[in-house]
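Subject: Handover of a structure with two ligands

Dear colleague,

Please find below the structure that I am handing over to you. My notes on it follow directly afterwards.

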Amino acid sequence: MYQLLDASRFIVFITGATSGFGQAAARRYVAAGAKVIATGRRMDRLIDLQIELGAEKCHIIELDVRDRAAIEAAIADIPGPFKNINIVLANAGLALGLGPAHEASLDDWQTMIDTNISGLVYTVRLLLPGLVERGGGHVVTLGSVAGEFTYPGASVYAASKAFVKHFALAIRSDLQGKNVRVTDIEPGLTETEFSVVRFAGDQNKADNVYKGTKPMTAEDIAESIFWATSLPEHVNVNKIQLMATTQAIGAFDIYREK
Ligand code: NDP
Ligand code: 8X3
């Protein structure tokens, strides 16, 4: 019988646990006996999650990943039973807008850069020394298929996820000999609040993204995250790229004069 790691030893720090993948991962880890530190900006949702999962297994922190000082303070303040974090799930992120590059909002671009790049880098950099000091652990980043295959309207979002992919690969080299594993999870079409956020709360536009097809679910992604971190310590899954069966990569787009 193949021996997976004992999940009851996991203490998982999750950014973006108020919705989607982060929330599903919190549930998945706690169901397996792990402890989680669930973070995000929407405190009401974090409180509901803590009530659902129990305060012994779920510590919550109101946190905006763009605020580097707040992350430092939050880490310093983590209570004893949750201190020995061994998995970091740097998941918080977002896409804003789907307009062409010459019309897209520069404020939206800045928010994506601040969240998907700076926020992820702060999270990982500030939590890594603890993993190294404790003799090992696992960093899981949330990239995207958009980090590999671009599509119209996704310029900065796609570029931010390409950053995530390379950052994950690069820190893995730095961590040689430290027993810290790094995995970039790169999903495609998955129905969460992602599209509602992208379209600034327009539920109709968001619903249309998934209409008539079968996207993946947050639970599908949480399972892949859980699996990668549960493999024996000598195995490092560099990346997992997942698409809905109904999604595939399209042809090159050739412009022709009318
Ligand atoms: P959701 O919108 O459902 O969840 C996003 C989470 O990120 C929320 O919990 C939100 O929490 C958090 N978040 C956003 N901005 C911040 C911030 N400044 N500080 C802290 N937390 C923040 O989307 P998903 O679960 O789908 O997305 C999770 C990750 O997966 C993202 O990085 C996304 O880019 C990526 N991804 C998503 C795909 C999809 O199709 N759904 C596919 C590929 C990748 P709060 O607002 O409470 O702060
Ligand atoms: C989210 C998936 O294809 O909408 O990263 O960019 S996609």
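The notes below take the conventions, the two ligands, the secondary structure and some individual residues in turn.

This is a predicted model, in which local features need pLDDT of at least 70 and side-chain atom pairs count only at pLDDT 80 or more, while totals for chains, interfaces and linings use all residues. Residues are numbered from 1 along each chain as its sequence is written, chains are lettered from A and ligands numbered from 1 in the order in which they are written, and side-chain values use heavy atoms, with hydrogens and water left out.

Ligand 1

The shell around ligand 1 holds 29 residues, the closest being Thr-18, Ser-19, Arg-41, Tyr-157 and Thr-192; a residue is near a molecule if one of its heavy atoms lies within 4 Å of it. By class, this shell comprises 10 nonpolar, 13 polar and six charged residues. Here Ala, Val, Leu, Ile, Met, Phe, Trp, Tyr, Cys and Pro count as nonpolar, Asp, Glu, Lys and Arg as charged, and the others, Gly among them, as polar.

Several polar contacts (N or O pairs within 3.5 Å; within protein, one atom must be able to donate a hydrogen and the other to accept it, and residues adjacent in sequence count only if both atoms are side-chain atoms) involve the ligands. For ligand 1, an oxygen atom is 3.1 Å from a backbone N or O atom of Gly-16. The side chain of Arg-41 places an N or O atom 2.7 Å from an oxygen atom of ligand 1, and a polar side-chain atom of Tyr-157 is 2.7 Å from an oxygen atom of that ligand. On its own, ligand 1 has 870 Å² of accessible area, of which the protein covers 96% (Shrake-Rupley method, 1.4 Å probe; for residues, only the protein chains shown count as cover). The elements that contribute two or more residues to its shell are α1, α5 (155-174) and α6 (194-198). Helices (H or I, at least four residues) and strands (E, at least two) are DSSP runs, numbered from the N terminus.

Ligand 2

Around ligand 2 stand Ser-144, Val-145, Ala-146, Tyr-151, Tyr-157, Phe-194 and Arg-198. This shell divides into five nonpolar residues, one polar and one charged. Three side chains offer an N or O atom to an oxygen atom of ligand 2: Ser-144 at 2.6 Å, Tyr-151 at 2.5 Å and Tyr-157 at 2.6 Å. Of the 240 Å² that ligand 2 exposes when taken alone, the protein buries 84%. Tyr-157 thus has a polar side-chain atom at 2.7 Å from an oxygen atom of ligand 1 and one at 2.6 Å from an oxygen atom of ligand 2.

Secondary structure

How far apart are the end C-alpha atoms of helix α1 (residues 20-31)? They are 17 Å apart, which agrees with the 16 Å that its 12 residues should span at 1.5 Å a residue; the expected span is 1.5 Å times one less than the number of residues. Nine of the 12 residues of α1 are buried, so the helix is largely enclosed by the rest of the structure. Buried means under 20% relative accessible area, exposed over 50%, and partly exposed in between (1.4 Å probe, protein chains only). Among the buried residues of α1 are Phe-21, Gln-23, Tyr-29 and Val-30. Just after the helix, Gly-33 takes a positive phi of about 100°.

Strand β4 (residues 87-90) is covered on both faces, with Ile-87 and Leu-89 buried on one side and Val-88 and Ala-90 on the other. β4 pairs in the parallel sense with β1 (residues 11-15) over three bridges and with β5 (residues 137-142) over four; pairing requires at least two DSSP bridges between the strands. Ile-87 is the bridge partner of Val-12 and stands opposite His-138 in β5.

Individual residues

Ser-19 lies in the loop between β1 and α1 and is buried, with a relative accessible area of 13%. Its side chain makes a polar contact of 3.4 Å with the side chain of Glu-193. Thr-190, in strand β7 (residues 190-191), is buried at 5%.

Two residues that are not glycine have a positive phi: Asn-179 at about 60° and Ala-200 at about 50°. Asn-179 lies in the loop between α5 and β6 (180-187) and is partly exposed at 37% relative accessibility. Ala-200 lies in the loop between α6 and α7 (203-210) and is exposed at 77%.

Yours sincerely
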